Amino acid sequence: MGGMKDDTFKKTELLMQLTDNYILPEYTYLQSELTILASTWNSFDKQPNEIQLDSLKAQWKRAYIRFQYVKMLDFGPGMNQNLAMSLGTFPTDTLAIETNIASSNYNLSSISNYDATGFPALDYLLFSKNAYSNITTAQNRKVYIGEIISKMKAEIDKTITEWSTFRSSFVDGTSNASTSPFSLVVNNFIRDYEILKWTKLGYPLGANTGNIQNPALLEARYSGIGKELLRANIHALQQIYLGKGGNGKNGKSMHDYLLALGKTTTATTIENNWGIFLNQIDSLPTSLEAALNSDKQKLIDLYNAIHFNTIALKTDMVSAFGILITYSDNDGD
Amino acid sequence: MNRINQYLFKETSILPLVGFRIIFGMLMVIGTLRFLFNGWVHQLYIQPKFYFGFIEGITPLPGNWMYLPFIVLLIGAIGIVFGAFYRVSTILAFISFTYIEILDKTNYLNHYYFVSLVLFLLCFVPANAYLSWDSKRNPSIQKISVPQWTIRILQFQLGVVYFFAGVAKIHPDWLIHAQPLAIWLQAYRDLPIVGDYFATSWLAFAFSWFGCIYDLTIPFFLLGNKTRPYAYFFVVVFHIVTWLLFPIGVFPWVMIFSTLIFFPATLHEKWLSKVATWCRWEKDKNLLNSHFHRNKLITAFVLVYAFIQLLLPIRSFFNHPQTLFWHEEGMRFSWRVMLMHKEGFATFYVRDKNSKREIQVRNEDFLTVGQIDQMATQPDMIKQYADYLYTQFKDSSFQTIQGPLQIRKPSIHAEIYVSLNGRNAQLFLAKKHNLQEKKYTFAPHKWLEPFTTKL
């Protein structure tokens with residue numbers, strides 16, 4: 001099981017690869033998708049028609065998929081803007097959205113409105129029944145959508161601006177203190193993996209409700225793109241794990257670090273599992289809701305496979321790296 | 001017995017004890033302030049929904065009242081520094097500190113246990129009889145000498161910590177595989193110049209062997225008059241290195257300063273006389289050395305205390321190595337420091353016999369991240385959590401889209417995987433057991449899987 005160790009492996013190379021070829025390009029992609037989303041919205045706002053709405057929806061989908069690539073970067077500037085929660089909390093609270101719109105009295109930045117903003121809120125507002133007539137007949141609704149989009153845009157803009165100064169301290173932070181950048185990367189990577197498991201699959205499947213499924217908990221249920229989002233999220237984690245850059249440049253990764261530590265079995269198990277998950281997702285029916293209705297066992301198998309792989313990530317990988325699974329700074333002995 | 005008494009009640013200078021009181025009190029003040037300012041009171045004792053208490057019924061005070069024991073501890077520690085209302089101060093500090101520590105096993109650290117023991121001992125020794133507020137107010141309590149046991153017992157306690165920490169290191173993982181140090185040290189591979197050495201295993205071996213020999217021998221070198229200065233040099237270097245490399249808070253400083261009690265009065269005289277001038281504390285000129293009467297009660301106390309302190313660490317030697325490391329029986333209160341790197345992944349299930357339904361528990365709904373991490377590898381905490389889940393789910397009902405799901409008599413199951421000292425994870429607890437029915441006793445835990453993974 002032990003491979004050849006490589007004592008010259010440096011974590012700072014991993015952090016630089018991740019920062020320059022993944023984090024910064026991915027944030028920029030999301031920024032440009034959101035910029036286009038904002039301008040598409042402006043065109044629709046000026047001259048609403050069904051065709052404009054369709055291109056708005058298509059652009060929303062592109063941006064939402066891109067968001068799956070950055071939601072696990074919940075540290076530093078991304079955490080300061082709370083991007084993962086403010087852009088991606090689901091299921092969205094349709095009642096809160098309707099109340100906000102009706103009253104015109106709301107603060108979208110407050111924590112209580114996390115589930116009334118972001119991509120999931122737009123899923124409801126753009127894709128629910130009679131969306132077109134609802135939007136075009138109520139000025140309040142248009143204002144609300146516009147505000148959600150500009151808030152998302154503002155948050156990604158701020159994140160990117162902050163990263164320009166945050167970068168240098170980040171790539172040098174290789175210590176194993178629980179608040180060091182390397183630990184933050186790994187801890188948030190695993191946390192996102194577990195959140196994905198529960199929110200995208202576990203809750204809708206009813207894993208914690210006696211296996212009584214609840215499709216209302218599916219992500220992006222109105223548009224039905226939950227399957228694409230799930231795939232993108234797994235793909236993003238795979239890219240990070242393998243050190244593949246969003247800009248096509250590859251480099252040192254967690255996978256390489258495991259190999260350098262002689263943990264060949266763990267490294268290849270994790271590497272192979274990403275591919276297995278992606279295949280499992282591809283073999284599902286067109287949407288997660290369809291899978292829930294007609295092919296539930298496939299979803300359960302996928303859920304169990306993702307669950308079981310946590311052992312390799314959370315115990316084998318983490319203990320090989322020697323980092324502490326905690327999100328705060330505490331004493332040990 | 002006569003020789004024991006002669007030894008315990010031999011007259012000796014009070015100065016090392018007074019120096020210890022001031023330094024240890026100051027460390028307590030700093031440690032308590034650090035705890036408060038890091039927001040740990042809220043994070044560890046107010047935020048959690050559930051606590052892994054050591055003693056049933058002893059639970060945190062509600063909400064912000066949890067700041068109270070910390071304030072009491074701070075006041076007690078300040079009292080110790082100044083030797084003010086000394087008896088009350090030491091008792092308050094001991095009780096508040098120990099109360100805090102037994103609230104949650106998650107936060108158990110060997111050095112917290114050490115602090116508890118020292119505070120306990122300080123309640124009994126007359127460390128306020130010199131250079132103190134009490135003796136300024138009431139000069140009649142002044143003494144320049146104390147019976148030797150008051151100092152020896154603290155030296156003994158320090159010696160026990162080191163020696164048994166050293167004995168625990170005589171273990172294949174530590175000496176033959178250099179684990180877990182190899183895991184922890186390689187993490188420093190990015191350091192400039194020395195990084196490459198940290199990545200190699202020979203440095204981990206050097207650290208492991210040195211650490212073991214250091215722990216085993218340092219108490220004896222500290223006792224010898226000739227070896228003491230060299231020994232103390234190693235104490236300082238050793239603890240500063242551990243302070244730099246590992247997240248162990250104030251512990252290295254506690255040891256660096258506590259071991260000063262091994263030094264003779266002449267050394268303490270130098271700095272204590274400056275403190276005395278500075279505080280305008282004056283020694284009673286007529287003070288004479290006193291002769292100490294033997295006291296059977298004290299002899300008994302010292303012997304029983306020493307016996308227990310030897311027995312607690314020794315108890316773990318009789319355990320099968322598997323029981324010790326894998327099941328963690330005898331791990332606590334026996335100075336087994338830094339011996340393990342354990343990571344676990346625990347999934348709990350609630351089964352309901354009536355509805356034949358199974359619920360997978362999301363641990364984050366009930367525990368903090370730190371609690372989940374500690375619980376996943378420690379059998380008594382696993383059992384406590386299972387019992388807690390039982391109370392949470394028994395006779396409960398929650399909404400599903402098929403109507404309410406009623407749970408009458410749940411059974412609690414867990415599937416847990418654990419990796420120890422760099423080995424790949426293996427099954428620790430199988431799902432088949434109904435944890436509600438299992439008893440946590442001192443007998444070997446048959447419900448846990450045997451340890452089979454080789455390093």
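Okay, let's start with one term: two strands pair if DSSP finds at least two bridges between them. Keep that in your pocket, because we'll use it a lot: β3(B) and β7(B) pair in the antiparallel sense, and they do it over 11 bridges. One thing to say up front is that what you're looking at is a predicted model.

So, chain B as a whole. You'll find 19 helices in there, along with eight strands. Its radius of gyration is 25 Å, and the globule rule gives 23 Å for 455 residues, so chain B is as compact as a globular protein of that length. If you lay the C-alpha trace along its principal axes, the spans come out at about 90 × 50 × 50 Å. Of those 455 residues, 41% count as buried. And take the contacts in chain B with a separation of 6 or more: 68% of them are between residues 24 or more positions apart.

Now back to our strands. Which strands make up the open sheet, and in what order? Four of them, in chain B, and they go β4-β3-β7-β8, with antiparallel pairing. The edges are β4 and β8, the latter being residues 426–429, and each of these pairs on one side only. On average, neighbouring strands here are turned by 25° against each other, if you ignore direction.

Let's walk along β3(B), which covers residues 342–352. Eight of its 11 residues are buried, so we can call this strand mostly covered. On one side, four bridges join β3 of chain B to β4, residues 357–360, and those two run antiparallel. They form a hairpin with four residues between them, and in that turn K356(B) has a positive phi of about 60°.

Y349(B) is a nice one to click on. What are its bridge partners? In β4(B) the partner is Q360(B), and in β7(B) it's H413(B). You can try the same game with other residues: E343(B) has S419(B) as its bridge partner in β7(B), while R351(B) stands opposite E358(B) in β4(B).

What packs on this sheet? From chain B itself there's helix α19, residues 379–393, which touches β3, β7 and β8, and its direction makes about 150° with that of β7(B). Then chain A joins in: its helix α14, residues 296–321, lies across β3 and β7 of chain B, running at about 155° to β3(B).

That takes us to where the two chains meet. The contact uses 44 residues from chain B and 37 residues from chain A. Several elements of chain B supply at least two residues each to the side that touches chain A, among them α6 (110–122), β3, β4 and β7 (410–420). Which one gives the most? That's β4(B), with four residues. As for what the chain B side is made of, it's 20 nonpolar, 16 polar and eight charged residues.

Let's zoom in on one more residue, Y417(B), which is found in strand β7 of chain B. Buried or exposed? Well, the cut-off for buried is 20 or more other C-beta atoms within 10 Å, and Y417(B) has 24 C-beta neighbours inside that distance, so it counts as buried. Leaving aside its neighbours within four places in sequence, Y417(B) is in contact with residues of chain A, including I311(A) and T315(A), and with residues of chain B, including G344(B), F345(B), L427(B) and F428(B). For a sense of distance, A204(B) is 213 residues away from Y417(B) in sequence and 27 Å away in space, C-alpha to C-alpha.

Last topic, the cores. In soluble globular proteins, nonpolar side chains tend to be buried together. Here, the largest nonpolar core has 176 residues, and those with the most contacts inside it are M317(A), V18(B), A93(B) and I416(B). Setting aside its neighbours within four places in sequence, M317(A) is in contact with M254(A), L258(A), T266(A), I270(A) and A312(A). There's also a second, separate core of 10 residues, which includes A178(B), A187(B), Y188(B) and A199(B). That's it from me, thanks!

Note on methods
Residues are numbered from 1 along each chain as its sequence is written. Chains are lettered from A and ligands numbered from 1 in the order in which they are written. This is a predicted model: local features need pLDDT of at least 70, side-chain atom pairs count only at pLDDT 80 or more; totals for chains, interfaces and linings use all residues. The radius of gyration is taken over C-alpha atoms; the globule rule is 2.2 Å times the number of residues to the power 0.38. A residue is buried if 20 or more other C-beta atoms lie within 10 Å of its own, exposed if 12 or fewer, and partly exposed in between; C-beta atoms are placed from the backbone. Two residues are in contact if their C-beta atoms, placed from the backbone, lie within 7 Å. Ala, Val, Leu, Ile, Met, Phe, Trp, Tyr, Cys and Pro count as nonpolar, Asp, Glu, Lys and Arg as charged, and the others, Gly among them, as polar. Axes are lines fitted to C-alpha atoms, for helices over the stretch in contact, and angles run from 0 to 180 degrees between N-to-C directions. A nonpolar core is a set of buried Ala, Val, Leu, Ile, Met, Phe, Trp, Tyr and Cys residues joined through C-beta atoms within 7 Å.
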